[in-house]
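Reader: Could you take me carefully through the strands and what surrounds them, giving the cut-off behind each term as it comes up?

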Amino acid sequence: MDNRYIGVFDSGLGGLTVVKQLMESMPDENIVYFGDTGRVPYGTRSNDTIIKYVRGDIRFLNTFDIKMIIVACGTASAVALPIIKDENETQIIGVVEPTVKAALSATGNGNIGVIGTNSTIRSGAYEKLIGANPDVHIFSVPCPLFVPLVENGHTNSKAAYLIAREYLEPMVSANIDTLILGCTHYPLLKDIISDIMGDKVKLIEPGIQTAAYVKELLDSKNALSECKNNQQYLYYVSDDVDSFIRLGGLFLQKQICGQVSRIDIERY
């Protein structure tokens with residue numbers, strides 16, 4: 001038993017898709033979340049900048065009594081995690097490896113698509129893990145406008161559909177049967193993505209796969225929480241609190257008013 005917090009961070013709101021799955025699969029876990037809303041998106045930044053941001057995010061979460069940190073950001077997991085994972089005593093989990101394992105189990109024809117931010121696709125992180133299998137073919141497409149669409153609440157708009165259709169056209173032509181949503185923001189667009197790709201293409205969501213992986217890992221260490229803290233869920237942002245409360249409540253499908261605080265992440 002370990003009742004300490006699980007620390008989770010993302011460039012903005014997208015990591016809440018991971019938090020939602022953690023809440024559903026492990027309702028007794030205590031969670032502290034940081035969304036770097038003042039510097040979103042990470043996917044358009046240089047690798048050096050992403051690594052710098054991630055180190056600061058981790059330093060902030062380490063001010064709490066935590067047992068694990070989840071990098072609930074596809075870009076940070078792909079670009080920074082290989083560099084910084086051994087810099088901390090706290091165990092750090094990303095979203096890439098659990099998602100890749102699920103995609104390899106799901107594919108039937110060996111054609112797997114990956115969509116992500118510019119930095120994620122450029123890193124080749126998914127190809128490095130999947131590419132070891134000679135029977136699997138990877139098709140990667142950057143979708144840089146998806147994060148701004150989600151962060152501004154345009155998850156089912158006509159504009160989102162038109163942009164998604166243009167991005168996903170190469171995936172449709174590639175005859176993929178499995179599509180990795182390589183950014184934790186993207187599940188908020190899954191209805192549009194599924195409509196464009198068709199029912200035969202399986203969508204692999206990082207939140208679902210990461211939460212399942214974390215639950216199995218904590219259970220194997222006898223480290224699941226059995227007691228909720230007085231403040232079970234804590235949320236911190238680096239910019240506007242009100243917009244995070246409004247959109248975050250939609251992500252989590254629950255009210256988070258009064259639980260969100262703003263911090264100066266540049267101090268960390």
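**Strands and their surroundings**

Author: Strand E5 (residues 111-116) and strand E7 pair in the parallel sense over four bridges, where strands (E, at least two residues) and helices (H or I, at least four) are DSSP runs numbered from the N terminus, and two strands pair if DSSP finds at least two bridges between them. The model is a predicted one, in which local features need pLDDT of at least 70 and side-chain atom pairs count only at pLDDT 80 or more, while totals for chains, interfaces and linings use all residues. Residues are numbered from 1 along each chain as its sequence is written, and side-chain values use heavy atoms, with hydrogens and water left out.

Within the pairing of E5 and E7, Gly113 stands opposite Leu179 of E7. Strand E7 (residues 178-181) is also joined by three bridges to strand E8 (residues 202-204), and these two run parallel; here Thr178 has Lys202 of E8 as its bridge partner. Together with helix H10 (residues 190-197), E7 and E8 make a right-handed β-α-β unit, right-handed meaning that, with the strands pointing away from the viewer, the path from the first strand over the helix to the second runs clockwise. In a regular strand the side chains alternate between the two faces of the sheet. In E7 both faces are covered, since Thr178 and Ile180 on one side and Leu179 and Leu181 on the other are all buried, that is, under 20% relative accessible area, with exposed being over 50% and partly exposed in between (1.4 Å probe, protein chains only).

Strand E9 (233-237) can be read in a similar way. Five of its five residues are buried: Tyr233, Tyr235 and Val237 point one way, and Leu234 and Tyr236 the other. E9 pairs with E2 in the parallel sense over five bridges, and Gly35 stands opposite Val237 there. E9 also pairs with E10, again parallel, over three bridges, with Val260 of E10 as the bridge partner of Tyr235. Between E9 and E10 the chain passes through helix H12, and this β-α-β crossover is right-handed.

Tyr236, in strand E9, counts as buried at 16% relative accessibility, and its C-alpha is 8.3 Å from that of Asp36, although the two are 200 residues apart in sequence. Ring pairs link Tyr236 with Phe34, Phe60, Phe64 and Tyr268 into a cluster, a pair being rings of Phe, Tyr or Trp (its six-membered ring) whose centres lie within 6.5 Å, with planes under 30 degrees apart counted as stacked, over 60 as edge-to-face and the rest as tilted.

The structure holds ten aromatic pairs. One of them is stacked, formed by Tyr33 and Phe244 with 6.1 Å centre to centre and 25° between the planes. Because Tyr33 lies in strand E2 and Phe244 in helix H12, this pair ties together parts that are 211 residues apart in sequence. Both partners are buried, Tyr33 with a relative accessible area of 0% and Phe244 at 2%. Phe146 and Tyr167 form an edge-to-face pair, at 5.2 Å centre to centre and 75° between the planes. Phe146 belongs to helix H8 (residues 146-151) and Tyr167 to helix H9 (residues 158-173), so this pair ties together parts 21 residues apart in sequence. Phe146 is buried with a relative accessible area of 1%, and Tyr167 is buried at 15%.

The loops that join these elements have features of their own. In the loop between strand E2 (31-35) and helix H2 (47-61) lies Pro41, whose peptide bond from Val40 is cis, with omega near 0°. Pro41 is also among the residues that line the largest cavity, including Tyr42, Cys73, Thr117, Cys183 and His185; about 50 Å³ of space lies in this cavity.

Two residues other than glycine have a positive phi. Asn222, with a phi of about 55°, is found in the loop between helix H11 (206-220) and strand E9 and is exposed, with a relative accessible area of 58%. Gln253, with phi near 60°, has its place in the loop between helix H12 (241-252) and strand E10 (260-262) and counts as exposed at 63% relative accessibility.

For the cavity, the underlying construction is a 1 Å grid over the protein atoms alone, on which a cavity is a set of points where a 1.4 Å probe fits but cannot get out, and lining residues have an atom within 4 Å of a point. Grid points are joined across faces, edges and corners, and a volume is the space filled by probe spheres set on the points.

Notes: On a 1 Å grid over the protein atoms alone, a cavity is a set of points where a 1.4 Å probe fits but cannot get out, and a pocket is an open set with protein on both sides within 12 Å along at least five of seven lines; lining residues have an atom within 4 Å of a point.
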